[in-house]
Each structure stands twice: as structure tokens, then as C-alpha cells.
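These are my notebook entries on one protein model. I set down what I looked up, in the order in which I looked.

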Amino acid sequence: MTDTEREEYEKKKEYLRGYEYAVRQMQRHAERITEMRLNRMGAAIRIDGMPHAHSSSDLSSYAVKLDEEERKYLRERYKRIMKCKEITDRIEMLSDEDEKDVLMYRYVRLMKWEDICVKMNRSWKQIHRIHARALSNFRLPEKIKDDIE
């Protein structure tokens, strides 16, 4: 394998890993919004057990910030969902079903090599051969392909 081929394979793997990155980013952002909501509720609790009034300006500025964050999250989530869809669509373009399975199991379902071997009832060596063939046949989007050349 030449250096150019190796570089292209690494670029393809990085592109495929984009699915995992997008999912993790969506999870982090959802956790951040949940945290913001919980922190606001937690600040309202006082140890003396008596109800206390809150200034409406505090609540309105908090509501505005939370709304902005949720809108930002929804925009970013949409972009990440489209990225995930693009990756799975590109995997589905492959003609060989074994190649599709290996890439889906590895990069979308995040399975370990051993689990893929068991799932597909193949040896470690066979799975890696299929993976190499799948990477060879996998086509990157043109915008990413141009960066390699």
C-alpha cells in the first residue's frame, strides 16, 4: 500500500468516525441543556423550607438564555443528523452487503472487531479483509476528496 492510499484510507476512516462524533456532540449538548434546567431549579431551593419570591427579571433573563441555547441546540442537532444520514447513505451506496455490514457495525453501531467477527460469523482476518475492501470501494464526498489530492 502506498502512502497516498494509506492517507486516503485514513481520511475515509476519519469521515466515517464523524458519525460517532456527531452523536457524542448531540448527547453533550442535550446534557448541557438538562444541566442548565436543573441548575436553575436547584438555585431556587432553600434549606429553611419556606417559599421565597424570585425576581421576575432573573427568571426572564434565564428563560431567554435557555431558549437561545435550545434553539442553538436544535440547529446544531439538525446539522449533525444530516451528517449522520450522509454517512449512512454513503455506506449504503456500496454494492457488497458484507462491506456495508462491516462499516455499519464498526462506525455506526460502534461495535468492537471481536463482536463484528461473532455477528458475521467470520474470522478476525476475514473481517479486516472485508473492511479494507470496503474502504477501498467507499467514496468520500467530493468536497473531502478534493482535500486529499
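**Entry 1: the whole chain**

I began with contacts along the chain: in the protein, 67% of the contacts with a separation of 6 or more join residues 24 or more positions apart. I note here that the model is a predicted one.

I then listed the elements and found 6 helices and 0 strands. From the N terminus on, their order is α-α-α-α-α-α. The protein has 149 residues, and 30% of them count as buried. Its accessible surface is about 10400 Å², and carbon and sulfur atoms hold 50% of that.

**Entry 2: helix α4**

Which residues of helix α4 are buried? I found Trp-113, Ile-116, Cys-117 and Met-120 in this helix, which covers residues 113-120. Seen down the axis of α4, these buried residues fall within an arc of 100°, so they line one face of the helix. I recalled the general rule that an α-helix has 3.6 residues a turn, so residues three or four places apart point the same way.

I next asked what the buried residues of α4 pack against. The partners are α3 (97-108) and α5 (124-137). I also looked just past the end of the helix: Asn-121 follows α4, and its phi is positive, near 55°.

**Entry 3: α4 against α5**

I looked up the geometry of this pair. The two helices α4 and α5 pack at an angle of about 100°, and their axes are 9 Å apart. Angles of 65 to 115 degrees count as roughly perpendicular, and α4 is therefore roughly perpendicular to α5. From α4, the contact is made by Trp-113, Glu-114, Ile-116, Cys-117 and Met-120; from α5, by Trp-124, Ile-127, His-128 and His-131. Sorted by class, this contact of α4 with α5 has 6 nonpolar, 2 polar and 1 charged residues.

**Entry 4: Ile-127**

I chose one residue of α5, Ile-127, for a separate check. Is Ile-127 buried or exposed? Its relative accessible area is 0%, and buried means under 20%, so Ile-127 is buried. Leaving aside neighbours within four places in sequence, I found Ile-127 in contact with Val-102, Trp-113, Ile-116, Cys-117, Met-120 and Arg-122. I also noted the distance from Ile-127 to Glu-114: they are 13 residues apart in sequence and 9.4 Å apart in space, C-alpha to C-alpha.

**Entry 5: α3 against α5**

I repeated the geometry for α3 and α5. They pack at an angle of about 95°, with 9 Å between their axes. This angle makes α3 roughly perpendicular to α5. The α3 side of the contact consists of Asp-98, Glu-99, Val-102, Leu-103 and Tyr-107, and the α5 side of Ile-127, Ile-130, His-131, Arg-133, Ala-134, Leu-135 and Asn-137. By class, I recorded 7 nonpolar, 2 polar and 3 charged residues in the contact of α3 with α5.

**Entry 6: two charged residues**

Lys and Glu both count as charged, and I looked up one of each. Lys-13 sits in helix α1 (residues 3-43). With a relative accessible area of 19%, Lys-13 is buried, because the cut-off is under 20%. Beyond its neighbours within four places in sequence, Lys-13 is in contact with Tyr-107, His-131 and Leu-135.

Glu-69 belongs to helix α2 (residues 56-92). Its relative accessible area is 10%, and Glu-69 is buried. Not counting residues up to four places away in sequence, Glu-69 touches His-29, Arg-32, Ile-33 and Met-36.

Note on methods: Residues are numbered from 1 along each chain as its sequence is written. This is a predicted model: local features need pLDDT of at least 70, side-chain atom pairs count only at pLDDT 80 or more; totals for chains, interfaces and linings use all residues. Side-chain values use heavy atoms; hydrogens and water are left out. Helices (H or I, at least four residues) and strands (E, at least two) are DSSP runs, numbered from the N terminus. Buried means under 20% relative accessible area, exposed over 50%, partly exposed in between (1.4 Å probe, protein chains only). Contact means heavy atoms within 4.5 Å. Accessible areas come from the Shrake-Rupley method with a 1.4 Å probe; for residues, only the protein chains shown count as cover. The arc is that of the directions from the helix axis to the C-beta atoms. Axes are lines fitted to C-alpha atoms, for helices over the stretch in contact, and angles run from 0 to 180 degrees between N-to-C directions. Angles under 35 degrees count as roughly parallel, over 145 as roughly antiparallel, 65 to 115 as roughly perpendicular and the rest as oblique.
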